[in-house]
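Here's a short set of exercises to work through with the model open beside you. Try each task on your own before reading its solution.

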Amino acid sequence: MCRVKRGANVYSSFHWIRRLVLACLLSLPGMSALGDADASGDEFSWPADLQIHGFLSQGFVKTSDNRFFGPSDDGSWDFREIAVNASYRMQPDLLFSGQLLSRKAGEMYDGSPRLDYGLVDYTLIMRGDLQAGFRLGRLKNPLGFYNDTRDVPFTRPSIFLPQSIYFDRVRNLVLSSDGGGVYSNMLSDWGDFYFQLNIGRLDVDKNVEYAFLLTDWPGELETDDPWFTGRLMYEWDGGRVRLAASGATGELNYKPGVNDFLQAGTVDIDYWILSAQYNEESWSLTAEWMNEPVSWSHFGNLVGLNNGTAEGWYVQGAYRPFEAWELVLRYDVSYLSKSDRSGERASQVLNTPAHNFYAKDLTFGVRWDVTSEFMLRAEYHRIEGGSWLSVRENDPQTMEKNWDMFSILASYRF
Amino acid sequence: MPGAFGAERLIVHPDTASDTVTSDLVRSLFTMRLRRWPNGAPARVFVLPDRNPVHRNFAKKVLGVFPHQLRRSWDRAVFSGTGQAPIEVKDEKQMLDRVANTPGAVGYVSGEKGGERVQFISLD
């Protein structure tokens with residue numbers, strides 16, 4: 001154990017957690033071999049190049065009406081996020097990393113652990129002003145400012161991400177790609193450019209089926225062909241100004257089951273986000289805009305699957321009045337079809353209330369970083385409409401138009 | 001020349017070859033995107049806690065980045081599997097110890113006190 005102790009990262013004061021995980025890793029045959037390599041005096045000592053991090057987070061949600069992340073109309077504790085990750089920098093240009101994530105979010109996600117990412121990263125070019133390389137494995141998709149770390153409470157601007165763009169009800173659709181990707185970082189006198197492109201299959205789950213085919217059908221929704229997901233980000237003056245364009249494009253393919261009313265079909269989805277942010281030391285202004293053209297082909301003649309473009313945008317201000325405190329104010333707007341923003345036409349076709357097809361959410365939140373490891377948050381939402389509510393948690397016929405939501409969250413990281 | 005007039009000084013392990021570095025190089029080192037020196041030696045980055053005033057000044061004056069953005073870029077790397085976090089030391093004394101004893105190390109301190117064992121470098 002002395003080797004573990006010597007190499008323990010001083011990143012947090014809670015070394016024992018990391019030591020415990022390191023001790024477990026040491027008991028694995030492969031890792032023990034890495035430990036021996038250190039004893040022989042290699043240039044890169046171990047485990048200084050092995051890092052273990054993670055977080056635990058528990059939320060509480062209370063809504064006046066409608067359900068979000070559990071039976072929130074009665075007050076719900078069904079919002080829990082637990083993750084542990086390990087990364088090993090074998091050489092300056094070679095990195096292995098992986099994260100296990102358990103996420104309980106009401107009826108949408110049951111908390112069973114899942115590989116959030118697992119990859120090898122090789123840097124081909126590494127200079128002061130330019131780095132470029134590639135990654136293979138399960139990669140987080142770079143979309144907007146927040147998708148790559150959307151489940152990490154410390155990196156979100158609020159307890160819930162703006163649902164108009166980062167829908168939790170179909171989170172897995174754009175979460176990660178199983179395949180490969182390339183990246184480059186370029187620093188120049190005119191600003192810095194960061195580029196990432198991932199190509200791979202998506203991990204499609206039942207939530208995606210509910211969102212794009214309205215319910216759970218006997219067949220399976222899959223991705224036959226790889227999706228493309230990418231982001232180009234520009235940062236000026238060390239990130240005082242940040243601008244990004246990102247997007248994903250691909251198809252979902254439906255394979256009918258036994259005695260299936262629904263016939264085989266394809267959902268063609270594009271998902272584009274423009275992002276802008278201005279930062280000062282004590283405040284930040286952020287805005288993002290999303291467009292998602294969706295078209296359905298075949299499927300027999302299922303009523304309700306009309307081609308359209310979903311749209312979402314938000315404007316968000318964050319203010320840090322003192323060290324460790326942050327206040328957030330945001331207005332977030334979502335339309336399931338931008339040619340039917342009032343939802344009237346969809347309401348007639350599907351015979352459900354028009355307010356199920358849009359949402360306007362005014363959010364006020366506060367964050368307190370009690371220590372660098374422990375964070376507390378509270379926020380209040382005033383909401384009109386329910387476009388981002390899941391039909392797995394709500395009956396579309398009885399969703400209330402005007403509702404509010406209060407939430408608190410405690411998070412610990414190591 | 002932000003580094004030249006600020007009280008915060010870059011320090012490196014005494015065996016590090018260069019006396020000066022470019023601001024791009026320093027920023028890439030401290031955002032953990034550059035992990036070796038131009039001569040190929042692996043780089044080791046040491047930082048003080050986020051709330052330490054020396055860290056705040058170093059981030060703003062030398063790197064030209066707000067501390068909250070530096071934290072965000074480390075968190076994004078660590079929790080998306082695309083990179084690692086720098087090694088955090090608790091105070092300037094430990095910073096000097098670790099940088100003096102770790103080949104390839106880079107860090108910063110607020111003055112020249114106790115700096116005999118490390119090498120000070122400036123931005124060009």
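**Exercise 1: Get to know chain A**

Task: Work out how many helices and strands chain A has, and what share of its residues is buried.

Solution: Start with the secondary structure, where chain A comes to six helices and 18 strands. Keep in mind that this is a predicted model. Next, take burial: of the 414 residues in chain A, 57% are buried. Then look at the contacts with a separation of 6 or more, where residues 24 or more positions apart account for 62%. Finish with the surface: chain A exposes about 16,900 Å², and carbon and sulfur atoms supply 60% of that.

**Exercise 2: A nonpolar patch**

Task: Find which strand of chain A gives the most to the nonpolar patch.

Solution: First collect the members, which are Tyr278(A), Trp283(A), Leu285(A), Val315(A), Tyr319(A), Leu327(A), Leu329(A), Tyr331(A), Leu362(A) and Phe364(A). Together they have about 880 Å² of accessible area on the surface. Now sort by element: strand 13 (283-298), strand 14 (308-319), strand 15 (325-335) and strand 16 (358-369) of chain A each give two or more residues to the patch. Strand 15 of chain A comes out on top, with three residues.

As a check on one member, pick Leu285(A), which sits in strand 13 of chain A. Patch residues need over 30% relative accessible area. Leu285(A) has 44%, so we call it partly exposed.

**Exercise 3: Two strand residues in chain A**

Task: Decide whether Ser57(A) is buried or exposed, then do the same job for Asn402(A).

Solution: Locate Ser57(A) first, in strand 1 (residues 50-63) of chain A. Buried means under 20% relative accessible area. Ser57(A) has just 4%, so it is buried. Who covers it? Leaving out residues up to four places away in sequence, Ser57(A) touches Phe79(A), Arg80(A), Glu81(A), Pro153(A), Leu409(A), Ala410(A) and Ser411(A). With Ser411(A) there's also a side-chain polar contact of 3.1 Å.

Now move to Asn402(A), in strand 18 (residues 402-413) of chain A. Its relative accessibility is 41%, so this one is partly exposed. Setting aside residues up to four places away in sequence, Asn402(A) touches Asp65(A), Arg382(A), Ile383(A) and Glu384(A). For a sense of how the chain folds back, take Asn402(A) and Ser64(A): they are 338 residues apart along the chain, yet their C-alpha atoms are separated by 9.0 Å.

**Exercise 4: Two covered helices in chain B**

Task: Say how many residues of helix 2 and of helix 4 of chain B are buried.

Solution: Begin with helix 2 (residues 23-30) of chain B, where seven of the eight residues are buried, so the rest of the structure largely encloses it. The buried ones are Asp24(B), Leu25(B), Val26(B), Arg27(B), Ser28(B), Leu29(B) and Phe30(B). Just past the end of helix 2 of chain B, Met32(B) has a positive phi of about 70°.

Helix 4 (residues 67-80) of chain B comes next. From its first C-alpha to its last, it reaches 20 Å, close to the 20 Å expected for its 14 residues at 1.5 Å a residue. Of those 14 residues, 12 are buried, so helix 4 of chain B is mostly covered. Among them are Trp74(B), Asp75(B) and Phe79(B). Just after this helix, Gly81(B) takes a positive phi of about 75°.

**Exercise 5: Charged pairs**

Task: Which residues pair with Asp24(B) and Glu88(B) in salt bridges?

Solution: The idea is that side chains of opposite charge can pair when their charged atoms come close. Asp24(B) pairs with Arg27(B), with the closest N and O atoms 3.9 Å apart. The two are three residues apart in helix 2 of chain B, so about one helical turn separates them. Asp24(B) is buried at 18%, and Arg27(B) is buried at 14%.

Glu88(B) meets Arg71(B) in a salt bridge of 4.0 Å, N to O. This pair links distant parts of the chain: Glu88(B) in strand 4 (residues 87-88) of chain B and Arg71(B) in helix 4 of chain B, 17 residues apart. Both are buried.

For contrast, turn to Arg240(A) and Asp237(A), whose closest N and O atoms are 2.8 Å apart in a salt bridge. Arg240(A) is partly exposed at 22%, and Asp237(A) is partly exposed at 39%.

Conventions. Residues numbered from 1 in each chain as written. Chains lettered and ligands numbered in written order. Predicted model: local features only at pLDDT ≥ 70, side-chain atom pairs only at ≥ 80, totals over all residues. Heavy atoms only, no water. Patch = residues over 30% accessible without salt bridge, like charges linked within 9 Å, V, L, I, M, F, W, Y side chains within 5 Å. Areas by Shrake-Rupley, 256 points an atom, 1.4 Å probe, with all protein chains shown as cover. Salt bridge = Lys/Arg side-chain N within 4 Å of Asp/Glu carboxyl O. Helix = DSSP H or I, 4+ residues; strand = E, 2+ residues; numbered from the N terminus. Buried < 20%, exposed > 50% of the residue type's maximum accessible area, 1.4 Å probe, protein only. Polar contact = N/O pair within 3.5 Å; in protein donor to acceptor, adjacent residues only side chain to side chain. Contact = heavy atoms within 4.5 Å. Expected span 1.5 Å × (residues − 1).
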